[in-house]
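Colleague: I'd like to learn how to read a few features off a model like this. Could you walk me through them?

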Amino acid sequence: MRISRHAVAVALVLALAALMGACGDDVASPTTASSTATTGAASTTVPSSTTTTTTTTTTTTTTTLPPEPEVGWMAWSFADPGDGTLPPCRGCSGGESPLERRLGAKILFVDEAGTVWANRDDGLILWSPISGRVDLLGRQDGLLDTLVYAVVRAPGGLLWLPTYGGANTWDGTSLAVGLNRDRGLRDNTTWDLWVQSDGTIWVDTNGGYILTAFDGTACRHYSDAATASTAGPGIEPVFPERTQFNSGMTETPDGTLWFGSNGNGLFSFDGTGWRRYTEADGLPSDSVKNLAVTPDGTLWLSAIGGLARFDGASFELIDPDAMGDWSGAYPDILAVGPDGALWVMTMSSLFRHLDGAWEIWKRVDGLDFPLIYSLAIGEDGSVWVSTNTGVARYGPMLPVGQG
């Protein structure tokens with residue numbers, strides 16, 4: 001049988017159309033359930049391609065943080081004796097302080113709860129500026145003497161209190177005897193006390209001429225040859241004659257201990273040997289008043305003659321003009337705040353060094369600084385000064401009218 005060219009052409013066209021129709025439905029309609037392509041009398045069913053779309057709803061929760069507390073100065077005046085000797089405080093937002101107004105009254109310590117520990121004639125007063133609560137510690141509580149020189153926290157939480165009659169400890173509830181002649185010291189009067197990072201207690205006795213280290217078990221004594229020969233055996237004669245320690249101790253990050261002396265310079269102790277630094281090495285003078293170490297490891301010292309810092313190689317004397325007005329009074333007490341700031345106290349001014357810049361205060365919250373007695377950095381991060389007219393605090397503001 002002969003098939004015409006026309007019939008063949010028609011068949012090819014129909015087959016091609018059927019094929020294109022099937023492919024077109026599959027590509028153009030991916031979400032259609034089914035598609036049918038018809039070519040003449042024949043029909044072809046193409047399976048559908050189904051895609052499922054999932055919609056996710058995200059809920060965003062916004063948390064509103066409380067505002068940062070305002071940071072600044074608050075002052076408390078002393079009670080007016082009524083004899084015209086106390087200038088009025090034209091501000092003093094804290095009100096009146098229960099601390100005793102007397103010559104040399106000092107804030108010795110501020111604990112983590114913000115309680116202020118200050119000395120007074122009959123011992124210690126513990127005052128909470130927030131609650132207004134006042135407690136007293138005296139001989140009736142086991143205090144070895146009412147003349148207390150410092151309050152120092154040791155690793156583990158125990159407080160040490162050097163007094164004229166020996167060193168007490170405070171465990172948070174009661175006082176106990178820490179160190180005295182019966183417990184290894186060469187004299188009962190503990191003029192000052194420092195705590196090393198490993199817990200070793202350092203005290204100076206015998207008018208500051210014997211330096212004693214107590215490791216929790218035994219005492220080790222250091223002095224000059226003349227004092228060692230008169231104060232008894234067991235004293236290591238390592239210092240020049242008449243070296244008196246009452247100027248503070250500090251520790252640099254490498255574990256070296258530093259002690260200032262009254263007239264014989266600065267001493268370092270690396271655990272095995274002692275080294276002495278004097279004016280010939282760059283000190284402002286050989287009478288060192290106080291020591292401090294900032295977080296960058298810099299050793300700072302105040303001396304009769306000015307303020308200096310030591311970078312491990314040399315001493316640099318700080319230009320007084322860069323700090324501000326000393327008003328004829330040399331830097332005395334040094335302290336380091338939780339933000340790394342160095343605080344410097346003179347007789348009538350307070351300085352802060354932070355991020356390379358100096359600030360100075362002579363009057364805060366209406367309280368003048370005619371005569372400053374003490375500077376203390378609290379465990380709560382606050383900064384306290386006591387003066388002959390009242391006390392002042394730098395830190396987050398406390399509720400006005402309490403205390």
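**Salt bridges, a pocket and a patch**

Modeller: Let's start with a side chain: Arg363 has 44% relative accessibility, so this residue counts as partly exposed. Keep in mind that the model is predicted.

Colleague: Which residue does Arg363 form a salt bridge with?

Modeller: Its partner is Asp368, and the closest N and O atoms lie 2.8 Å apart. Asp368 is partly exposed because its relative accessible area is 36%, where the class runs between under 20% for buried and over 50% for exposed. Elsewhere, salt bridges with shared partners tie Glu100, Arg102 and Asp121 into one network.

Colleague: How many salt bridges does the count come to?

Modeller: The rule asks for a side-chain nitrogen of Lys or Arg within 4 Å of a carboxyl oxygen of Asp or Glu, and the count comes to 10. Take Arg153 and Glu379, whose closest N and O atoms are 2.8 Å apart. That pair links distant parts of the chain, with the two positions 226 residues apart: Arg153 is in strand β9, while Glu379 is in the loop between β32 (372-377) and β33 (383-387).

Colleague: Why does Arg153 count as partly exposed?

Modeller: Because its relative accessibility is 32%. Glu379, at a relative accessible area of 34%, is partly exposed too. Another pair to look at is Glu316 with Arg309, where the closest N and O atoms are 2.9 Å apart. Glu316 has a relative accessible area of 40%, so Glu316 is partly exposed, and Arg309 is partly exposed at 26%.

Colleague: Okay, pockets next. How do I read one?

Modeller: Rolling a probe the size of a water molecule over the atoms shows where empty space is left. Here, the second largest pocket holds about 350 Å³ of space. It is lined by 18 residues, and those closest to its centre are Asp111, Trp117, Leu126, Trp170 and Gly172.

Colleague: Which elements give two or more residues to the lining of that second largest pocket?

Modeller: Those are β7 (123-127) and β8, with β8 giving the largest share, 3 residues. By type, the lining of this pocket splits into 8 nonpolar, 5 polar and 5 charged residues.

Colleague: And on the surface, which residues make a nonpolar patch?

Modeller: Leu147, Tyr164 and Trp191 make one of about 290 Å². Patch members need over 30% relative accessible area; Leu147 has 40% relative accessibility, so Leu147 counts as partly exposed. You'll find Leu147 in the loop between β8 (134-137) and β9 (152-153).

Note on methods. Residues numbered from 1 in each chain as written. Predicted model: local features only at pLDDT ≥ 70, side-chain atom pairs only at ≥ 80, totals over all residues. Heavy atoms only, no water. Patch = residues over 30% accessible without salt bridge, like charges linked within 9 Å, V, L, I, M, F, W, Y side chains within 5 Å. Areas by Shrake-Rupley, 256 points an atom, 1.4 Å probe, with all protein chains shown as cover. Helix = DSSP H or I, 4+ residues; strand = E, 2+ residues; numbered from the N terminus. Buried < 20%, exposed > 50% of the residue type's maximum accessible area, 1.4 Å probe, protein only. 1 Å grid on protein atoms, 1.4 Å probe; cavity = no way out; pocket = protein on both sides within 12 Å on 5 of 7 lines; lining within 4 Å. Points joined across faces, edges and corners; volume = space filled by probe spheres on them. Nonpolar A, V, L, I, M, F, W, Y, C, P; charged D, E, K, R; others polar.
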